[in-house]
Amino acid sequence: MLTFYMTPGSCTTGIHILLEEVDELFAVELVNLLEGDNRSDTYLALNPKGTIPMLKLEDGSVLTEFQAIACWLAWQHARLKLIPSDALGAARAIEMMSYAVGTIHLQAFARIFTPEKFAADANDIEAVKKEGRRRVAECFDVVSQLLDRNDGYVCSEFSVADAALFYVEFWADRSDIPLPERVRAHYNLMLTRPKVRQVLMEEGYRL
Ligand SMILES: N[C@@H](CCC(=O)N[C@@H](CS)C(=O)NCC(=O)O)C(=O)O
């Protein structure tokens, strides 16, 4: 069985959604980031980067990085077309997924959630958080323009890109950062998916 290393409400929510959408059977290992579980010798022996999400595969090897895990799940369950089968569609899905994880999460939200990693000293913390909120808003304006290509999902059908975009939209919602109309419509569409609702409930959120 797969083992999924996750923290409720973190970026792992996106992978959690994909695991449920593909109906994988998996065990869960909760990683308490505040307690430093991800810096323990045991965790670092599995994943020297100390990051979540992490998936331990049936052969005991581990897979890290959101996009790699998402693509692996999609390719393992190819009939579900979680990555479009045409080259441009696949590239579009990866394009949005990379923007959500690499830019919206790691360059914008990370400034709000872990400002100390970006601040030269303690006096800079508030300015870093403010810059994070500015970047989040700017990024969602970009997403709004990109979503213009389709009504609804990022590609013509639900894909790995939607799961990635959803977790940053969820963070915006929880942080009282307004989403542009088109992005909010995408977020609301995701909230109609039974597996998305199930994951949020399992992670302790009331809808
Ligand atoms: N590049 C990684 C980044 C994921 C990431 O930064 N996850 C955060 C939690 S949302 C984390 O592991 N933080 C702990 C740390 O970086 O020490 C990925 O795509 O999986």
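Ala, Val, Leu, Ile, Met, Phe, Trp, Tyr, Cys and Pro are counted here as nonpolar, Asp, Glu, Lys and Arg as charged, and the others, Gly among them, as polar.

**View 1. The residues that surround the ligand in this predicted model.** With the classes above, the shell around the ligand consists of seven nonpolar residues, six polar ones and three charged ones. Of the 16 residues around the ligand, those that come nearest are Cys 11, Thr 51, Ile 52, Glu 65 and Phe 66.

**View 2. Polar contacts between the ligand and the protein.** Two of the contacts shown involve the protein backbone: a nitrogen atom of the ligand is 2.9 Å from a polar backbone atom of Ile 52, and an oxygen atom of the ligand is 3.0 Å from a polar backbone atom of Phe 66. A side chain takes part as well, since an N or O atom in the side chain of Asn 38 is 3.3 Å from an oxygen atom of the ligand. On its own the ligand has 500 Å² of accessible area, and the protein covers 81% of this.

**View 3. The ligand in its pocket, with the helices and domains that contribute to the shell.** The place occupied by the ligand is the largest pocket. Helix 3 (66-76) and helix 4 (87-113) each supply at least two residues of the shell around the ligand, and helix 4 gives the most, with three residues. Seen at the level of domains, the shell draws at least three residues from domain 1 (2-80) and at least three from domain 2 (87-193).

Key
Residues numbered from 1 in each chain as written. Predicted model: local features only at pLDDT ≥ 70, side-chain atom pairs only at ≥ 80, totals over all residues. Heavy atoms only, no water. Near = heavy atom within 4 Å. Polar contact = N/O pair within 3.5 Å; in protein donor to acceptor, adjacent residues only side chain to side chain. Areas by Shrake-Rupley, 256 points an atom, 1.4 Å probe, with all protein chains shown as cover. 1 Å grid on protein atoms, 1.4 Å probe; cavity = no way out; pocket = protein on both sides within 12 Å on 5 of 7 lines; lining within 4 Å. Sits in = over half its atoms within 2 Å of the grid points. Helix = DSSP H or I, 4+ residues; strand = E, 2+ residues; numbered from the N terminus. Domains from an automatic or database assignment.
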